[in-house]
Structure formats: structure tokens, C-alpha cells
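Work through the exercises below with the sequence and the structure side by side, and try each task before reading its solution.

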Amino acid sequence: MSESRTPLTAWHEARGAKMAPFAGWLMPIQYEGILVEHQHTRQHAGLFDICHMGEFRISGAGADAALSAAVSHNLATLAAGKCRYGFLLNARGGVLDDCIIYRFGPDDFMVVVNAACAAGDLATLRDRLPGTVSLTDISAETAKLDLQGPEAVDVLENALGESLRDLAYFGFRQTTWDGAPLLLSRTGYTGELGFELYLPSDKALAFWELLLKDARVKPVGLGARDTLRLEAGLPLYGHELDEDHSPAEAGMGRMLTSTADYVGKEGAQQIRQVLLPLRIEGRRAARNGDVLALPDGTEVGRVTSGSFAPSLGHVIAFAWVDAAHAEADAFVVRAARAELPAVRTGLPFYADGTARKKLQA
Amino acid sequence: MSMNPADLLYSKSHEWAKIEGDVATVGITHFAQEALGDITYVELPQAGDSVAAEKEFGSVESVKAASDLISPVNGTVLEVNTALEGTPELCNSAPYTEGWLIKVKLAAQPEELLDAAAYEAFCATESH
């Protein structure tokens, strides 16, 4: 089966990027190297092709109430011009997908979902929303680029010729570029100051090349996207989030403030396992699927993600641990070639990120 | 132009050996480091350990993967590259020089290793 291509796939190939299938798409894993791209994003600005992700527009009379019953997001406190992170849950409260919802007006929203889940999410939403509410898959005509890093705001202001300093974390704005609509939100998946940018697919290549003309910007692949998000303590669907675990188990219980009677609400607070952030000394990585045990050898869980953390100089991991052992502080990870002592740590793993930085006008 | 020095011998598991008398210096090839990507950890034996041709003698981890190191020679480890403990990325930046892995006192001269031209021909088949 051949993978889908983004408007930028040919650009990546021409630049010699290492390409690999991801969620049905042919995506760039790295250009120069994961470590260089990771550090560049932490210090300057990285540009990511995220066109594989899905976007749905939901609008029409009753959209607010209907969407509030379909997802965990508290839309009652979401103002126009703001977006919010939350979950599409199954009836048991397990996570079908994590997604960001943008509010344009009283009954007008955009939902941004993971590529691997997009088709299923669309079917689920069609099923949950009444026929009177319009649900449109705008993924094909919508390109998504992420610009992330402490210098991202300067780069984007320069490219657009407008100030973006009044945009708060999780705020968004609709502007135009080259005569086309451009939506930008102060959000991202790296722990750094940055923006997620949505524009028509036929403008993606020109805008990508414009941003890369700025010497502060390098293209960054999905390899560094993964190390950046892990250091920031952000979950990856299919690893830290899945249909068999609730948001509360993943440490997201406190954000479930919606008073609507949404699908999965009861199960969303259920806790059978707990997602633990772990610190492992040294450079040998724990990896997805490794067994988590107590020092006495009792098996108590499983690693969901693990990597050498380039900005920290040691290994970090997330692991599910059975709730009965969630208070323990010391563990052992049975990695493929060694047993690695692991201790509970706090989130984010990397605390010096600029994502929430207040900008001076 | 070839990335692979002509004075080295190569294995099909992408290690190289530089034979000087009865001592071999061993490392991973340019092809191997490129396939692995950024190397973040190298596990090596200790001086005095035995290594055997076509047998594992350590492992190497990159951000995305981990794989065994396979010895191209038989013998006893004389020295390991301790610089790799803190800077394993030398295996990426200088796989044939500063990124060497171990020096081995040979028990016998190696057999069945490839010269640079034969190794390059082999890599050409591997990358398709």
C-alpha cells in the first residue's frame, strides 16, 4: 500500500531527508540528524511538516451543545479565539484520540486530530453529532505547519509583517498570507514557544520556503518531534494514551471540568493504572514495551515511551504502573540488553521550555 | 568517491577492522552509523574479554533503535575507546578514526572479511 503524501513530501525527498511511513503517510524522520534538529528547536526555531494531521470543521445551530456531548473538552469556558486540549472517549472512558478544539463562534469549531485516528474520529463524530450540525473533513485542503522554538515569534512576525505578542498561550488568530486565509495558534508539541499554522494546501510549499529563508529556522523531522515532546512530558497517542486507559490514568483528570454529559464521562475518572514519569541514569534507553518491575522483581507495569533526552543528558521514560504500586519511587526497567534502575520524577522532564513565556509588546 | 578507507577490512554486519600485525582496531562503518542515526549509547566489553568472529561483543543505541555489535575478528580485547562513554556521537562523526570501538589482540588472522570495493558492492545491495 502506498502512503499518502503531503504538499511538502517532494521537498523533503529532494533535500535528502530520511523518509518513513507514519500513520499511513510518507513523512520526514530527520534531515540533518535528530540531535541537531532537537537542539536547534530548543535554541532557535524548528519548522515541522504536520500536514498529516486531520482537521474537521463543525458548525451550525446546536453545534456547541452537540460537540460538548461528544468530547471531554469544557466548551462552556472556551471563548472564541481560544483553543483547548482534550479527548474523544469511548463509552468506557478510554481515549479514542486526543485533540485540540478551536472555537470560531458560538456554534463554530475546528477539531484537530491525530493522523492515525482521523478516519475513526470522523466516523465517531458523525455518529455522535445530529444531522442538523455540519461536520466537514477539511484535512485534504488544509496544510498544517508547526513553527517551534524561542525565536519562532520573531520569525513569524517578520514573515507576516504583524505583531503576535498579544497572543496568549492557547490563543489563536485568523489572518491572511498572500491572499489566503492563515490560522495561527500559540500552541505546539515541543515545550517551546511556538505556533501551529493552518493554511490552504496549495500555499503550503511557498509558506514553508518563506519561513526557511530565515536563518534562524531549520526543518525538523518527526524524530526530533518525538524527543522534544517526550522531554516536555506531552503524551503521544498510541503510547501514553489508548482506548484501554482513561484520561485520569494519564494524569489528565484535573482538566476534565466539563459539566456536559459527554460520552465516557464516568469512566474518564477511573484509575486502574497510573502513568509515571521516570528518570534513568545514563544513556541506555528504556523503550516502548519494556517491562517495569519493583526492585524485588515484581512486575508492575510497562514502558510506553523512553529515550535518551538530549536536553537533559540522561534517559527519561513514561510507564504505566498498576495503581496498587503507584506510590512507589524506585523501579527497574527490563530493557532488551540490561536492567535499568529507574526513579519516579516530575513533569515536565525538561523544565526550561519557553512554551508559556509571556511576551512583551 | 568512497567513504570507506581502502586499508580496512569489512564485515557484512557493517563493522570494520584495521589489521596492524597481530592487533586489530574495530569500529562500525559509515553505512552502519548512517542507518542507525544519532548514536546515544555504546556498550563495549572490557579489556581482557574474548571476542569471537561473527559473535556479539556489545551494542549500540541510537535515538530510534538499538542493535548488536558483531565482532569481525577472533581474539582478546586490549583496549576500549573510553571516549565513547561521554561522546558516543563520535561513531557518527568519525566512524573510521575517533569513533573506533575496541582494539583486539588477534588469535588468528581474520577470514572472510571484504575489502572496501567488495563491501561497497554489498552495501549497494543492502540499501535496495
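**Exercise 1.** In which strand is the place of Q30(A)? Decide also whether Q30(A) counts as buried or exposed.

*Solution.* Keep in mind throughout that this is a predicted model. Begin with the position along the chain: Q30(A) belongs to strand β2 of chain A, which covers residues 25–30. Next, take the relative accessibility of Q30(A), which is 9%. Because buried means under 20%, Q30(A) counts as buried with its value of 9%. Finally, look for its neighbours: leaving aside residues up to four places away in sequence, Q30(A) touches A17(A), K18(A), E37(A) and G221(A).

**Exercise 2.** Trace the order of the strands in the closed barrel of chain A, and find the bridge partner of L278(A) in β19(A).

*Solution.* Follow the six strands in the order β14-β17-β16-β15-β18-β19, whose pairing is antiparallel. From one strand to the next, the twist averages 40°. Then turn to β14 (residues 273–280) and β19 (residues 339–344) of chain A, which run antiparallel and are joined by three bridges. Within this pair, the partner of L278(A) is R344(A). As a last step, locate helix α7 (residues 222–231) of chain A, which lies across β16 and β17 of that chain and runs at about 120° to β16(A).

**Exercise 3.** Determine how many bridges pair β8(B) with strand β9 of chain B.

*Solution.* Strand β9 spans residues 102–106, and its antiparallel pairing with β8(B) extends over five bridges. In this pairing, V77(B) stands opposite V104(B). Strand β8 of chain B (residues 75–80) also pairs with β5 (residues 50–51) of chain B, in the antiparallel sense and over two bridges, and here T76(B) is the bridge partner of S50(B).

Notes: Residues are numbered from 1 along each chain as its sequence is written. Chains are lettered from A and ligands numbered from 1 in the order in which they are written. This is a predicted model: local features need pLDDT of at least 70, side-chain atom pairs count only at pLDDT 80 or more; totals for chains, interfaces and linings use all residues. Side-chain values use heavy atoms; hydrogens and water are left out. Two strands pair if DSSP finds at least two bridges between them. Helices (H or I, at least four residues) and strands (E, at least two) are DSSP runs, numbered from the N terminus. Axes are lines fitted to C-alpha atoms, for helices over the stretch in contact, and angles run from 0 to 180 degrees between N-to-C directions. Contact means heavy atoms within 4.5 Å. Buried means under 20% relative accessible area, exposed over 50%, partly exposed in between (1.4 Å probe, protein chains only).
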